[in-house]
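Visitor: I would like to learn how to read a protein model feature by feature. Where do we begin?

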Amino acid sequence: MKTRLAQLFCLCLLALPCLAQEVIRVGVELQPYQPYSDVENGEYRGYARDLLDAFAAEHGYRFVYVPLPVRRLLGDFLGGRVDLKFPDHPQWNADQKAGHAIHYSRPAAPYVDGILVKPQQLGQGVARIRLLGTQNGFTPWPYLTEIHTGRIKLIQANQIESLLLMAINDRVDAVYLNPRVVAHQLRLMDLAEQALVLDPQLPHVEDHYYLSSIRYPQVIEAFNRFLEERSEQVEAIRLRHGL
């Protein structure tokens, strides 16, 4: 009788949620990309950090943020060395992701990527652009044909500040970046936000960033519920970061 009771007790314990929280490693981008994200003195911060922290606090997850260079981040994610990835998108690196069962969240952060030029160059069309600057890891989707044919030469750099100075000093004809990120960086450089502006007449991308996971589909499902059920809280976080 005592043995049977002990067995039943053990089964009940197994049915309960584990009291010790499992550490979930969130792979994030090392490069500065405010207001979305940044890493200062090893500390991840920005809109993404606030959003993910709010989600983790509500569900009792223990998130540990692992900042990595963009290319290494993808490899570590696919190799299982990080459990979640942010930002991500189903279209990014689709060939490398083939064969992996990746679960994507609902849209977590809106963004626009496009061509930024000096104000006096607005409306001059894509024909004048021969040298296009962008950040390492970025894909200028609307201009891939021109890049592959060689009509546009792509110049990539790790630092957004370097790209902006190249455009301002006419070392590249334009940059392909997020205008909110550019405006934030120009302020940090003590330059006018209008030193470089988005040309809305040129092809650009309006989309969203996603949270993704291979190992934890249940976390992605919980995150989706959080985005829906705490939409006002999410909106407040976005507004706080100017998104």
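Guide: With open space. This is a predicted model. In the largest pocket, α3, β5, β7, α5 (144–149) and β9 (153–157) each supply at least two lining residues.

Visitor: Which element gives the most to the lining of the largest pocket?

Guide: That is α3, with 4 residues. The pocket holds about 590 Å³ of space. Its lining counts 28 residues, and V70, N93, G137, F138 and T139 are the closest to the centre. By class, the lining splits into 15 nonpolar, 8 polar and 5 charged residues.

Visitor: N93 is on that list. What is the sign of its phi?

Guide: Positive, near 50 degrees, and N93 is not a glycine. The residue sits in the loop between β5 and α4 (94–97). With 35% relative accessibility, N93 counts as partly exposed.

Visitor: How is enclosed space found?

Guide: Rolling a probe the size of a water molecule over the atoms shows where empty space is left. Here the count is 1 cavity of 30 Å³ or more. The largest cavity has a volume of about 40 Å³.

Visitor: Which residues line the largest cavity?

Guide: E29, Y33, Y36, S37, Y44, A48, F86, P87 and Y209. Sorted by class, that lining has 7 nonpolar, 1 polar and 1 charged residues.

Visitor: F86 and P87 are both in that lining. What kind of peptide bond joins F86 and P87?

Guide: A cis bond, with omega about 0 degrees. P87 lies in strand β5. Another cis peptide bond joins Q34 and P35, where omega is about 10 degrees. P35 is placed in the loop between β1 (23–29) and β2 (38–40).

Visitor: Next, the aromatic rings. How is a pair described?

Guide: A pair of aromatic rings is described by the distance of the centres and the angle of the planes. This structure holds 14 aromatic pairs. Take F55 and F226: their ring centres are 5.7 Å apart and their planes stand at 55 degrees, so the pair is tilted.

Visitor: Where in the chain do F55 and F226 lie?

Guide: F55 is in helix α2 (residues 47–59) and F226 is in helix α8 (residues 217–229). The pair links distant parts of the chain, 171 residues apart. Both rings belong to buried residues.

Visitor: What about F63 and Y65?

Guide: Their ring centres are 6.4 Å apart and the planes are at 80 degrees, so this pair is edge-to-face. F63 and Y65 are both buried. Ring pairs also link Y44, F55, Y61, F63, Y65, F223 and F226 into a cluster. Y44 also appears in the lining of the largest cavity.

Visitor: Now a charged residue. Is D83 buried or exposed?

Guide: D83 is buried because its relative accessibility is 2%, with the cut-off set at under 20%. D83 sits in the loop between α3 (70–78) and β5 (84–88). Its side chain makes a polar contact of 3.3 Å with the side chain of R215. Beyond neighbours within four places in sequence, D83 has contacts that include V23, F77, S212 and Y216.

Visitor: And where is Q121?

Guide: In the loop between β7 (109–117) and β8 (131–135). Q121 has a relative accessible area of 14%, so it counts as buried. Outside its neighbours within four places in sequence, Q121 contacts R128, D170, D173 and D199.

Visitor: D170 is one of those contacts. What is its phi?

Guide: About 60 degrees, a positive value although D170 is not a glycine. D170 lies in the loop between α6 (160–168) and β10 (174–177).

How values were computed. Residues are numbered from 1 along each chain as its sequence is written. This is a predicted model: local features need pLDDT of at least 70, side-chain atom pairs count only at pLDDT 80 or more; totals for chains, interfaces and linings use all residues. Side-chain values use heavy atoms; hydrogens and water are left out. Buried means under 20% relative accessible area, exposed over 50%, partly exposed in between (1.4 Å probe, protein chains only). A polar contact is a pair of N or O atoms within 3.5 Å; within protein, one must be able to donate a hydrogen and the other to accept it, and residues adjacent in sequence count only if both atoms are side-chain atoms. Contact means heavy atoms within 4.5 Å. On a 1 Å grid over the protein atoms alone, a cavity is a set of points where a 1.4 Å probe fits but cannot get out, and a pocket is an open set with protein on both sides within 12 Å along at least five of seven lines; lining residues have an atom within 4 Å of a point. Grid points are joined across faces, edges and corners, and a volume is the space filled by probe spheres set on the points. Ala, Val, Leu, Ile, Met, Phe, Trp, Tyr, Cys and Pro count as nonpolar, Asp, Glu, Lys and Arg as charged, and the others, Gly among them, as polar. Rings of Phe, Tyr and Trp (its six-membered ring) pair if their centres lie within 6.5 Å; planes under 30 degrees apart count as stacked, over 60 as edge-to-face and the rest as tilted.
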